[in-house]
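Work through the following exercises with the sequence and the structure in view. Try each task by yourself before you read its solution.

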Amino acid sequence: TEVTSENIVFVKDTTIWVNQIFPLTIEMSNTDTIVGFQLDVELPTAIEYIDSFSVSSRLKSHQVNIKYINENTVRILSYSITNSPITGKSGPVVRIFCRASKQTGVFEVRLKNGILANPCSCNVLDSLRNGLIQIIEQNDILDHNERNVKTEIYLYPNPFNGQLNINFYSYPKEPVKIYFYNILGEMIFHKIFPSEQTGRKEKSTMVGNLPSGNYIVIIKLGSKCIKRKITLIK
């Protein structure tokens with residue numbers, strides 16, 4: 001997507017496979033100082049929001065809320081109680097995690113009702129740009145794309161309430177190991193999922209009787225290792 005020097009919010013085009021869980025990326029390019037924004041994301045029937053999202057470092061001083069407007073539309077609200085500006089002038093701001101259906105094709109994600117607020121509380125949005133999501137059969141993915149998507153490991157929802165889901169691409173003889181650490185760096189929970197046949201898998205686990213709060217999760221899959229900060233809310 002080509003973006004000019006304006007205040008623009010847009011959806012990053014992407015290609016995924018059927019039944020894949022993936023992050024739908026919302027990006028912003030702004031020339032003005034932005035202290036908050038709101039917009040509605042209308043998803044096609046082939047894509048479902050799964051109640052999980054992440055924010056980029058551009059929103060490190062901001063609160064972000066996402067809620068359903070109707071069965072296929074979610075509203076994103078970002079604000080700062082100190083009126084701090086959004087960091088940087090371009091790049092991702094929010095990623096909402098979605099699941100593709102079994103239907104293949106090219107589908108449009110639409111952005112509506114957008115507001116970009118400057119420090120004077122004026123709406124300085126110039127335009128919203130929709131994005132295209134192509135859903136294909138897994139066997140149709142080109143080799144170089146396949147190498148990229150195999151490295152992705154998704155952990156959701158976040159915040160969570162006791163049960164976590166892990167979506168990953170496994171290889172034979174590669175068990176998945178998950179470790180929970182508290183803010184003091186103490187390991188308080190771990191679990192190992194046995195190795196299975198090659199392919200993308202999804203596993204769920206209960207993390208035990210832990211108190212509400214922030215935790216660090218480390219997931220190891222063969223030589224790959226990811227680290228995530230998650231929040232438990234009871």
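Two rings of Phe, Tyr or Trp are taken as a pair if their centres lie within 6.5 Å of each other. Please keep in mind throughout that the structure is a predicted model.

**Exercise 1. Aromatic rings**

Find how many aromatic pairs the whole structure holds, and state which residues are linked into a cluster by ring pairs.

Solution. Begin with the search over the whole structure, which finds three aromatic pairs. Then look at which rings are linked, and you arrive at a cluster that is made up of Phe-160, Phe-180 and Phe-189.

**Exercise 2. The sheet of four strands**

Describe the open sheet that contains strands 14, 15, 17 and 18, giving the order of its strands, its edges and its twist.

Solution. Step one is the order, which reads 15-14-17-18, and the pairing in this open sheet is antiparallel. Step two is to identify the edges, namely strand 15 (187-193) and strand 18, each of which pairs on one side only. Step three is the twist, which averages 20 degrees from one strand to the next.

**Exercise 3. Following one residue across the sheet**

Which residues are the bridge partners of Lys-220 in strand 18 and in strand 14?

Solution. Take strand 17 (residues 213-221) and strand 18 (residues 224-232), which run antiparallel and are joined by nine bridges. Within strand 18, Cys-225 is the bridge partner of Lys-220. Now turn to strand 14 (residues 176-181), which runs antiparallel to strand 17 and is joined to strand 17 by six bridges. Here Lys-177 has Lys-220 of strand 17 as its bridge partner. Finally, look at the turn of the hairpin that strands 17 and 18 form, where two residues stand between the strands and Gly-222 has a positive phi of about 60 degrees.

**Exercise 4. The sheet of five strands**

Give the strand order and the kind of pairing in the open sheet of five strands, and then find the residue in strand 3 that stands opposite Val-11.

Solution. The order is 5-8-3-1-10, and the pairing is mixed. At the edges are strand 5 (47-55) and strand 10 (127-129), each pairing on one side only, while the twist from one strand to the next averages 25 degrees. Inside this order, strand 1 (residues 8-11) and strand 3 (residues 21-29) run antiparallel and are joined by four bridges. The residue of strand 3 that stands opposite Val-11 is Ile-26.

**Exercise 5. Salt bridges**

How many salt bridges does the structure hold, and which residues are joined with Glu-42 into one network?

Solution. The count for the structure is five salt bridges. One of them is formed by the side chains of Arg-75 and Asp-40, at 2.6 Å from N to O. This pair links distant parts of the chain, for Arg-75 is in strand 7 and Asp-40 in strand 4, 35 residues apart. Arg-75 is partly exposed at 23% relative accessibility, whereas Asp-40 is buried at 4%.

Next consider Glu-42, which is buried at 18% relative accessibility because the cut-off for buried is under 20%. Arg-110 forms a salt bridge with Glu-42, with the closest N and O atoms 3.8 Å apart. Since Arg-110 lies in strand 9 and Glu-42 in strand 4, the pair ties together parts that are 68 residues apart in sequence. Lys-112 also forms a salt bridge with Glu-42, and here the closest N and O atoms are 2.9 Å apart. Lys-112 lies in strand 9 as well, so this pair ties together parts that are 70 residues apart in sequence. Salt bridges with shared partners thus join Glu-42, Glu-108, Arg-110 and Lys-112 into one network.

**Exercise 6. Residues in loops**

Decide whether Asn-83 and Ser-121 are buried, partly exposed or exposed, and locate each in its loop.

Solution. Asn-83 is in the loop between strand 7 and strand 8 (90-100), and its phi is near 60 degrees, a positive value in a residue other than glycine. With a relative accessible area of 41%, Asn-83 is partly exposed. Ser-121 is in the loop between strand 9 (105-117) and strand 10, and its phi, near 65 degrees, is also positive. With a relative accessible area of 65%, Ser-121 counts as exposed, because the cut-off is over 50%.

Technical notes. Residues are numbered from 1 along each chain as its sequence is written. This is a predicted model: local features need pLDDT of at least 70, side-chain atom pairs count only at pLDDT 80 or more; totals for chains, interfaces and linings use all residues. Side-chain values use heavy atoms; hydrogens and water are left out. Two strands pair if DSSP finds at least two bridges between them. Rings of Phe, Tyr and Trp (its six-membered ring) pair if their centres lie within 6.5 Å; planes under 30 degrees apart count as stacked, over 60 as edge-to-face and the rest as tilted. Axes are lines fitted to C-alpha atoms, for helices over the stretch in contact, and angles run from 0 to 180 degrees between N-to-C directions. Buried means under 20% relative accessible area, exposed over 50%, partly exposed in between (1.4 Å probe, protein chains only). A salt bridge is a side-chain nitrogen of Lys or Arg within 4 Å of a carboxyl oxygen of Asp or Glu.
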